[in-house]
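Work through the exercises below with the model open. Try each task before you read its solution.

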Amino acid sequence: MGAAGRRAPLGLLAAGVLVAAATVLPVAYLATVVAGDGADWLETVLSGRALELLARSVGLAAAVTAAAVALSLPLAWLIERTDLPGRRVWSVLLALPLVIPSYIGAYLLISALGPRGELQGLLEGPFGIERLPSLYGFGGAWLTLTLFTFPYVLLPLQAVLRRLDPALEEAARGLGRGPWPTYRTVVLPQLLPALGAGALLVSLYTLSDFGAVSLLRFDSFTRVIYQSYRSSFDRVGAASLATLLVLVTLAVLWLEGRTRRAGAGAPTSRGSARPPARVALGRWRWPALGLCGAITGVALGLPVAMLAVWTTRAVAGEVQWGDVGAAAGHSLLAAALAAAVAAACAIPVALLAARWPGRASRAVEGAAYAGHALPGVVVALALVFFATRAVTGLYQTLATLVAALVILFLPQAVGATRTALLQVSPRLEEAARSLGRSPLRAFASVTAPLARGGVLAGAALVFLTAVKELPATLILAPIGFDTLATEVWSATRIGSFERGALPSLVLLAVSAVPLSLLIARDGAPRA
Amino acid sequence: MSVLACRGLRRSFGAVRAVDGVELEVREGICALLGPSGCGKTTVLRLLAGFERPDAGEVRADDRLLAGPGTFVVPERRRIGMVFQEFALFPHLTVAGNVAYGLGRRGRRERVAELLALVGLQDLGERRPHELSGGQQQRVALARALAATPAVVLLDEPFSGLDAALRVQVRHEVRAILTAAGVTALVVTHDQEEALSLADTVAVMRAGRIEQVGTPEEIYGRPATRWVAGFVGEADVLPGEARDGWVRCELARVPADPGFSGAADVLVRPESVSLSVGARGGREMIEGRVVEREFFGHDQLVHVELPSGRRVRSRSLSYPVWHPGDRVRVQLDGPVNVFAPERDV
């Protein structure tokens with residue numbers, strides 16, 4: 001009942017449709033450009049090279065996802081269901097790799113394990129080992145992406161295991177099932193939705209990742225799209241590949257939606273009155289500690305140590321403080337503008353979704369969530385086409401860059417704003433109406449002050465994500481507009497590791513903020 | 001004259017006809033709209049307040065058309081106060097701020113003080129809503145609705161957010177406040193005891209329609225339909241036979257409409273059935289067997305099986321103590337209602 005029967009105000013609907021159209025327009029334009037050359041598109045897409053790319057990208061995504069799940073299942077169980085020493089510390093340490101953007105992770109791993117890295121230097125002298133197994137290619141990309149994304153699976157698993165009502169397991173045991181059949185028939189089905197959600201995040205992250213694959217020289221979609229765009233001769237070819245990549249991400253989203261619908265139903269008992277009994281590890285605690293320690297060491301210890309090494313060298317040597325400052329200023333400027341625009345755009349979309357659910361609102365919200373499914377490279381490329389062919393004069397301006405960042409991160413602002421609005425009961429606005437206020441004044445005097453926190457949180461989230469964005473910035477930033485992210489990337493590409501240290505340090509500090517908030521709220525992170 | 005009235009009011013949600021031709025006149029005093037959950041009573045309230053648009057029919061206040069063909073007055077222009085189910089107090093405003101919300105600048109301070117005094121919260125004006133008890137929140141919601149001197153106040157399940165112990169007390173307070181303010185009120189509730197004890201007029205609603213309107217005594221004592229009889233209070237059904245102005249059933253012969261003949265259902269309320277030991281001459285008496293007893297402290301409900309195997313309930317003061325298996329004399333000792341047999345219920 002309630003608002004469901006009423007129609008959304010026309011002005012609001014118009015604003016929402018405008019935002020939705022603006023988010024999908026560039027990509028739609030890209031699609032029409034490509035479709036204009038239908039035969040060419042088919043030829044490109046069905047070429048041996050494209051199919052090979054497809055196999056590589058999907059293969060990498062599958063391998064990373066599988067590894068993340070394989071790591072997370074035992075880790076989640078150890079932290080939540082056993083008497084593992086230092087559980088709370090491990091819980092935080094194992095979540096921290098999420099803070100490291102893939103390109104910074106790749107930079108630090110290359111500087112440690114790469115052909116001219118520290119390990120090689122250490123081994124060459126005394127042992128005469130001249131070649132380590134190469135970090136470049138599939139192996140390196142797989143390792144890097146797994147290490148820095150597995151917490152996307154681990155965190156929701158932990159959350160579910162923690163909230164699982166122990167009475168369910170006890171009921172199964174009481175009905176004659178042993179521990180393993182109980183796990184298989186009662187616990188695992190309830191873990192599946194979280195597992196699916198986490199796996200989706202990891203595979204989407206891998207498919208759309210540009211930083212790690214480009215630095216580790218693995219030819220996946222994003223790297224090849226970027227290269228053919230940069231080579232300037234084959235922009236339509238790049239666009240064709242981009243549309244193919246979008247199809248793949250959509251397929252992944254569709255797959256996840258299906259598994260979620262088929263997954264476990266809603267719990268009948270809410271929450272758990274008491275924590276589940278923990279398994280005593282006994283002597284097994286040593287290998288368990290070893291596992292946690294090894295993963296933390298590679299995913300967190302090694303990068304942090306390398307960052308410390310390069311930072312001290314950078315500070316001891318000649319730091320171009322001015323360059324770092326300028327890059328930081330650029331990063332903050334672009335991210336702040338993106339945050340402000342995204343927060344403003346999110347309001348009509350979130351209002352429609354929260355207050356006037358229906359087909360139109362769903363369509364608007366769905367379009368606003370396009371950024372979820374679109375890799376940064378694709379959005380950037382779409383905007384390049386749009387700004388060079390449809391509307392001239394926008395190419396390589398700050399406005400285009402901000403537009404790309406807004407399209408990519410609008411979902412976060414919409415999510416936060418929508419949640420805040422849903423927490424304000426529509427009855428409050430009705431009360432204001434019955435006391436003589438017009439709809440607009442009722443909104444301004446009641447809903448707006450109550451939802452302000454959520455809108456600001458959404459803006460902050462967009463800011464913190466946009467500040468470390470790499471591929472769109474690389475493609476769209478005006479000439480000379482270097483940001484912290486592009487600094488790290490180009491420094492690593494030419495192997496001047498010292499130059500990447502300070503920008504990385506700043507970015508890591510910025511990235512740590514939202515994760516610490518998430519850990520404090522004890523919830524699973526969103527993309 | 002009615003303060004607020006609706007005629008032929010209809011509203012559907014998808015395929016569900018929530019309100020299906022409601023006629024209702026709210027007169028001065030307190031009127032209760034009583035019905036089971038899902039009968040559409042809250043939708044009627046929201047249609048009256050202007051939060052929903054009717055598909056058909058009209059809403060009038062005094063003689064002003066509020067909603068009808070081609071007319072729709074928005075909620076803020078209706079001068080209808082509303083007290084929401086969960087009170088809907090503005091969490092970012094103080095108690096005084098909430099009460100002042102609907103007032104203009106002039107004389108605001110005095111009016112707020114006046115209303116806080118009326119609801120007995122004069123010292124709590126600077127508190128935030130969450131710092132108040134449920135009963136106090138209820139009174140703030142009422143004060144806020146009354147502040148702008150509305151023509152009528154609508155209350156949506158006003159006591160359902162309160163726990164049982166508090167409910168009766170707050171009900172008294174609310175009735176006293178409404179009476180003191182001299183305002184007309186329409187209270188939506190699913191609790192028949194609440195409706196009967198609070199209201200001057202009760203309208204019983206079922207499946208989108210009004211079944212009966214009357215004083216609480218009429219609704220309870222002379223229910224218009226068998227469904228109303230069963231919904232408002234407890235009743236047992238005994239089949240009977242009507243002839244020549246009388247209905248004969250297992251317990252007694254009772255007067256009925258002279259034109260009525262053939263099969264009939266006699267609805268017996270538990271307090272009309274009295275139990276005793278031994279015979280008293282003169283009046284018709286039946287022997288039954290006690291099968292169950294529910295003891296409530298102030299009274300008791302005794303289930304008795306009649307010779308035919310049918311059961312009736314008898315409500316009496318808590319003495320004498322009956323036990324299952326006891327043989328008792330069963331006597332009809334109060335008004336009953338006769339209806340034509342009905343298949344549902």
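## Exercise 1: a strand with two partners

Strand S12 (residues 236-243) of chain B pairs with strand S15 (residues 262-268) of chain B in the antiparallel sense, over 7 bridges. Strands are DSSP runs of E, at least two residues long, and helices are runs of H or I, at least four residues long, numbered from the N terminus. Two strands pair if DSSP finds at least two bridges between them. This is a predicted model: local features need pLDDT of at least 70, side-chain atom pairs count only at pLDDT 80 or more, and totals for chains, interfaces and linings use all residues. Residues are numbered from 1 along each chain as its sequence is written, while chains are lettered from A and ligands numbered from 1 in the order in which they are written.

Task: find which residue stands opposite B:Val237 in S15(B), and which residue of S21(B) stands opposite B:Leu267.

Solution.
- Step 1. Start at B:Val237: B:Leu267 of S15(B) stands opposite.
- Step 2. Go on to strand S21 (residues 337-339) of chain B, which runs antiparallel to S15(B) and is joined to S15(B) by 3 bridges.
- Step 3. Read off the residue there: B:Asn337 stands opposite B:Leu267.

## Exercise 2: the mixed sheet

Task: give the strand order of the open sheet of 6 strands in chain B, and find its edge strands.

Solution.
- Step 1. The order is S7-S8-S9-S3-S10-S11 (chain B), and the pairing is mixed.
- Step 2. Strand S7 (80-83) and strand S11 (209-214) of chain B are the edges, each pairing on one side only.
- Step 3. From one strand to the next, the twist averages 20°. Axes here are lines fitted to C-alpha atoms, for helices over the stretch in contact, and angles run from 0 to 180 degrees between N-to-C directions.
- Step 4. Add the helix. Helix H1 (residues 41-49) of chain B packs on the sheet and touches S3, S7, strand S8 (152-156), S9 and strand S10 (201-206) of chain B. The direction of H1 makes about 150° with that of S8(B). Contact means that the C-beta atoms of two residues, placed from the backbone, lie within 7 Å.
- Step 5. Check one pair inside the sheet. Strand S3 (residues 30-34) and strand S9 (residues 184-189) of chain B run parallel, joined by 5 bridges. B:Ala32 has B:Val187 of S9(B) as its bridge partner.

## Exercise 3: the antiparallel sheet

Task: in the open sheet of 5 strands in chain B, find the order and explain why one side of each edge strand is left without a neighbour.

Solution.
- Step 1. The strands follow the order S16-S20-S17-S18-S19 (chain B), with antiparallel pairing.
- Step 2. Strand S16 (273-276) and strand S19 (311-317) of chain B are at the edges; each has a single partner strand, so one side of each lacks a neighbour in the sheet.
- Step 3. Neighbouring strands are turned by 45° against each other on average, direction ignored.
- Step 4. Strand S18 (residues 299-305) of chain B pairs with S19(B) in the antiparallel sense over 7 bridges. B:Val302 has B:Ser314 as its bridge partner in S19(B).

## Exercise 4: two domains, two chains

Task: find how many residues join the two domains of chain B, and how many residues each chain gives to the contact between chains A and B.

Solution.
- Step 1. The assignment for chain B gives domain 1 (4-231) and domain 2 (236-339). Such bounds come from an automatic or database domain assignment.
- Step 2. The C-alpha centres of these domains of chain B lie 39 Å apart. In the contact, 5 residues of domain 1 meet 5 residues of domain 2.
- Step 3. Turn to the chains: 20 residues come from chain B and 18 residues from chain A.
- Step 4. S7(B) gives the most to the side of chain B that touches chain A, with 3 residues.
- Step 5. That side of chain B divides into 12 nonpolar, 4 polar and 4 charged residues. Ala, Val, Leu, Ile, Met, Phe, Trp, Tyr, Cys and Pro count as nonpolar, Asp, Glu, Lys and Arg as charged, and the others, Gly among them, as polar.

## Exercise 5: the chains as wholes

Task: how many helices and strands does chain A have, and how many does chain B have?

Solution.
- Step 1. Chain A has 24 helices and 0 strands.
- Step 2. Chain B has 8 helices and 21 strands.
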